[in-house]
Amino acid sequence: MKNDLLNLLLLALTFLLLFALSEFLYHQYKIKVELTRKLVHIGTGLICLLFPILLKNHWSVLFLCGLFAVILLLSLKFNLLKSINAVDRKSVGSIVYPVAVYLCFLIQTSLDECYIYYYLPLVTLAICDPMAALSGKKWPLAQYKIFGAKKTLMGSTVFFICAMIVMFLTWRSVYNSNLDSEEFIVIATIALTSTLAEAFSKDGYDNLTIPVSILVCLYIYFP
């Protein structure tokens, strides 16, 4: 319990330092909010990968995720954390992100420490989503719109390619073995499903729909 508390404080401090860095870059060096926002997105995801190592109790994760959800809600209400919130569009991405993290952690602990249920959704979310967004803005080729969500074929393609790479590496890291043909098909299916989840989502809800789509696929193939 004592170690859990110390690790909880360490992780909270790390998150605060990440927010402070993004604010410093935004205000001091005038880095565009889309870049500082992606920095926080990726950094948050990478820090969250430490949760199963440092935190053994899902209540600790709930407390940490809840705390930062409240901080982010207050920052929206009082116009703070401009390096995250100063975007010219409606987005709840920063709010649903902690929800996705806790959900993945809760599921992996309930399944006897089945770490693939935690790492695969969060690594995909942390890496593939910002890569797709940045590439789609840089090269807005073949724009399309689904249920009000404006996307580009370039962004969706980059997401799928990144998802394949990330999932392959994560799978090997978790199971410490090469993929057989059946597992490769599973990985490709999950990558495609998460790409579609991102394409159909708007207003930042992809921070939730991407992990959930991967969790559902994992449960179907490996219940």
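Start with the salt bridges: this predicted model holds two of them.

**Stop 1: the pair inside one helix**

Select Lys38 and Glu34 and show their side chains. The two meet in a salt bridge, with 3.4 Å from N to O. Both residues sit in helix α2, which covers residues 33-48, and because they are four residues apart there, about one helical turn separates them. Now switch on a surface and look at the pair again: are Lys38 and Glu34 buried or exposed? Both are buried.

**Stop 2: the pair that joins distant parts of the chain**

Next, pick Glu198 and Lys151. Their side chains form the other salt bridge, at 3.1 Å from N to O. Here the pair links distant parts of the chain: Glu198 belongs to helix α9 (residues 181-199), Lys151 belongs to strand β2 (residues 149-152), and their positions lie 47 residues apart in the numbering. Glu198 and Lys151 are both buried as well. As background for these two stops, side chains of opposite charge can pair when their charged atoms come close.

**Stop 3: a positive patch**

Stay with strand β2 and select Lys150, which lies in that strand. At 67% relative accessibility, Lys150 counts as exposed. Which residues gather with Lys150 in a patch of positive charge on the surface? Add Lys90, Lys145 and Lys202 to the selection and you have the patch.

**Stop 4: cysteines without a disulfide**

Now colour the cysteine sulfurs. A disulfide is a covalent bond between the sulfur atoms of two cysteines. How many disulfides does the count come to? Zero. To see a case up close, put a distance label between the sulfurs of Cys128 and Cys162. For Cys128, the closest cysteine sulfur is the one in Cys162, and at 5.2 Å that is too far for a bond. The cut-off used is 2.5 Å between the sulfur atoms. Run the check from the other end and the answer holds: Cys162 is in no disulfide, and its nearest cysteine sulfur is that of Cys128, 5.2 Å away. Cys128 is buried, with a relative accessible area of 0%, and Cys162 also counts as buried, at 14% relative accessibility.

One further cysteine to click is Cys65, which lies in helix α4. Cys65 is buried too, with a relative accessible area of 9%. For a long ruler line across the model, connect the C-alpha atoms of Cys65 and Val158: the two are 93 residues apart in sequence and 29 Å apart in space.

**Stop 5: a nonpolar patch and the loop beside it**

Select Val70, Leu74, Phe78 and Leu80. Together they make a nonpolar surface patch of about 380 Å². Leu80 is placed in the loop between α4 (58-77) and α5 (82-85), and at 47% relative accessibility it counts as partly exposed.

Step along to Leu81, which is in that loop between α4 and α5. What should you look at in the backbone of Leu81? Its phi is positive, about 50 degrees, although Leu81 is not a glycine. Most residues other than glycine have a negative phi. Leu81 counts as buried, at 15% relative accessibility.

**Stop 6: another positive phi**

Jump to Asp203, in the loop between α9 and α10 (206-221). Asp203 is not a glycine either, yet its phi is positive, about 60 degrees. With a relative accessible area of 25%, Asp203 is partly exposed.

**Stop 7: two more loops to finish**

Click Asn178, found in the loop between α8 (153-175) and α9. At 56% relative accessibility, Asn178 counts as exposed. Draw a line from Asn178 to Met167: they are eleven residues apart along the chain, with 12 Å between their C-alpha atoms.

Last, go to Ala86, in the loop between α5 and α6 (93-110). Ala86 counts as partly exposed, at 34% relative accessibility. How far apart in space are Ala86 and Ala133, C-alpha to C-alpha? They are 16 Å apart, with a sequence separation of 47 residues.

Conventions:
Residues are numbered from 1 along each chain as its sequence is written. This is a predicted model: local features need pLDDT of at least 70, side-chain atom pairs count only at pLDDT 80 or more; totals for chains, interfaces and linings use all residues. Side-chain values use heavy atoms; hydrogens and water are left out. A salt bridge is a side-chain nitrogen of Lys or Arg within 4 Å of a carboxyl oxygen of Asp or Glu. Helices (H or I, at least four residues) and strands (E, at least two) are DSSP runs, numbered from the N terminus. Buried means under 20% relative accessible area, exposed over 50%, partly exposed in between (1.4 Å probe, protein chains only). Patches are made of residues with over 30% relative accessible area and no salt bridge: like charges are joined within 9 Å, nonpolar side chains (Val, Leu, Ile, Met, Phe, Trp, Tyr) within 5 Å. Accessible areas come from the Shrake-Rupley method with a 1.4 Å probe; for residues, only the protein chains shown count as cover. Lys and Arg count as positive and Asp and Glu as negative; His and the chain ends are not counted. The place of a charge is taken as NZ of Lys, CZ of Arg, CG of Asp or CD of Glu.
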